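Here's a quick tour of a few local spots in one chain. Have the viewer open and follow along.

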Amino acid sequence: MISFDEKRAIANHGDITRLSEMYKKLEDGQKVTICFLGGSITQGSLSSKPTTCYAYKVYEWFKTKFDKADIVYVNAGIGGTTSAFGAARVDRDVLSHDPDLVIVEFSVNDECNDYFYESYEGLVRKLLYSESAPAVVCLYNFFYEDGKSAERLHSKVARYYGLPAVSMHGAIYQDILDGTIEDTKLISPDGLHPNDAGHDLVSRVVISLLEKMYKEYCEAEDEKSAEKACPIAYSDIDSKSPLTDNAFESAIRLDNRNFTPVLQGFEKDASHQECVSDCFKNGWLGQFQGDSVVFELKGEYECSGIAIQYDKTIKRPAPVVAVTVDGNNDKKFVIDSAFDETWGDLLDIRQLFLHEEKKSHRIEIEVINDKGGKAVPFNLVSVIITR
């Protein structure tokens with residue numbers, strides 16, 4: 001079993017008020033819902049089965065430690081996705097479950113830039129200010145070979161909002177550099193996704209934080225002095241202005257379950273979605289040259305930013321589409337849906353614009369190259385608007 005540095009693993013102590021509320025419910029034997037929101041690592045990529053991924057092992061810790069409570073497990077991980085998509089889908093995939101705790105993991109899928117700094121903050125604010133008001137814990141994974149991660153920006157958000165956070169980089173990267181961990185393939189065959197041993201390691205890092213927070217909760221209960229154990233109160237969040245322009249807190253995802261565009265050759269995808277990670281469903285399909293779909297975004301759908309989400313596919317031949325905004329033919333977005341990787345299709349997002357004037361918009365997406373009628377259908381999975 002690979003050890004880790006528990007002190008360095010805690011990237012931010014944060015406030016434990018909401019975690020304390022959850023621990024109280026657990027001790028009282030009440031129903032508590034634990035949600036995990038993130039990318040492929042959260043989904044469980046390279047774990048041998050769903051029960052050996054880090055998220056499930058953290059859930060098992062809760063079940064063992066609080067065996068009288070009714071604990072609900074929700075894994076909302078989707079491979080290859082970022083916090084920008086997380087902010088758009090969190091209402092349906094997480095908040096609809098009325099969570100008590102959400103563990104957020106996007107630091108290897110987000111780039112370390114202003115766009116994802118803003119989208120990560122928007123996601124965090126959506127969670128914190130939701131009716132559920134869950135405790136939020138941040139998990140930062142990293143690329144084992146070079147240490148790459150968006151932790152630097154994500155941790156700024158965590159510190160600002162007083163969120164407990166753990167860092168895999170802090171936990172083991174120094175051991176990788178100095179050779180204490182001689183072969184990272186023992187925990188990650190591809191340098192990113194953990195195998196069963198790697199997932200076990202990630203779970204132990206997360207649990208070490210949860211154990212520390214629980215100990216502090218118990219001490220506070222014994223002393224009857226929550227102020228001493230919780231120097232930062234979550235009530236402070238109500239007065240906090242955003243760090244960024246914060247467009248993503250308003251993100252709304254439009255698919256065929258909540259929006260009806262004008263179909264001109266495109267067809268509604270009527271296939272059944274099996275689970276959250278079955279993510280290429282509920283959109284619209286266009287296969288032949290000239291097929292189009294039009295979104296009239298007005299009234300409640302007026303927006304200041306628009307992105308389209310589509311299946312970037314390894315299937316061949318793949319179609320090419322053009323996206324026209326407000327009839328401006330001089331500026332079309334051309335999207336080739338071919339994906340050059342080999343590991344599978346990517347649920348990609350193309351941001352058309354952001355931070356513009358909030359108003360009505362007309363979006364037309366047209367197949368402009370169907371590879372002689374042989375291309376697979378273009379799968380428009382959703383349109384994401386920000387206001």
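Is serine 203 buried or exposed?

## Serine 203

This is a predicted model, so keep that in mind throughout. Serine 203 comes out as buried, because its relative accessibility is just 2% and the cut-off for buried is under 20%. You'll find serine 203 in helix α9.

What does serine 203 touch, leaving aside residues up to four places away in sequence? Its partners there are Tyr54, Lys57 and Val58. There's also a polar pairing to look at: a polar atom of the serine 203 side chain sits 2.7 Å from the backbone oxygen of aspartate 200.

## Helix α8 and its surroundings

Helix α9 turns up again as a packing partner of α8. Helix α8 covers residues 168-177, and 7 of its 10 residues are buried, so the rest of the structure largely encloses it. The buried set is Met168, Gly170, Ala171, Ile172, Tyr173, Asp175 and Ile176. Those residues pack against α1 (6-9), β5 (135-140), β6 (165-167) and α9 (196-223).

Both ends of α8 are worth a zoom. At the N-terminal end, serine 167 acts as the cap, with a side-chain oxygen 3.3 Å from the backbone nitrogen of histidine 169. Just after α8, glycine 179 adopts a positive phi of about 85°.

## How α5 meets α6

Two packed helices are described by the angle between their axes and the distance between the axes. For helix α5 (residues 83-93) and helix α6 (residues 114-128), that's an angle of about 20° and a distance of 8 Å. An angle under 35 degrees counts as roughly parallel, so α5 is roughly parallel to α6. The crossing of α5 past α6 is left-handed.

Which residues make the contact? From α5 come Ser83, Ala84, Gly86, Ala87, Val90 and Asp91. On the α6 side, the contact uses Tyr115, Phe116, Ser119, Tyr120, Leu123, Lys126 and Leu127. By type, the residues of this contact split into 8 nonpolar, 3 polar and 2 charged.

## Glutamate 341 in its loop

One last stop: glutamate 341 lies in the loop between β14 (332-336) and β15 (346-353). Its relative accessible area is 43%, so glutamate 341 counts as partly exposed.

How far apart are glutamate 341 and isoleucine 314 in sequence and in space? They're separated by 27 residues in sequence, and their C-alpha atoms are 7.0 Å apart.

Note on methods:
Residues numbered from 1 in each chain as written. Predicted model: local features only at pLDDT ≥ 70, side-chain atom pairs only at ≥ 80, totals over all residues. Heavy atoms only, no water. Buried < 20%, exposed > 50% of the residue type's maximum accessible area, 1.4 Å probe, protein only. Helix = DSSP H or I, 4+ residues; strand = E, 2+ residues; numbered from the N terminus. Contact = heavy atoms within 4.5 Å. Polar contact = N/O pair within 3.5 Å; in protein donor to acceptor, adjacent residues only side chain to side chain. Axes fitted to C-alpha atoms, helices over the stretch in contact; angles between N-to-C directions. Parallel < 35°, antiparallel > 145°, perpendicular 65-115°, else oblique. Left-handed = near helix turned anticlockwise from the far one by under 90°. Nonpolar A, V, L, I, M, F, W, Y, C, P; charged D, E, K, R; others polar.
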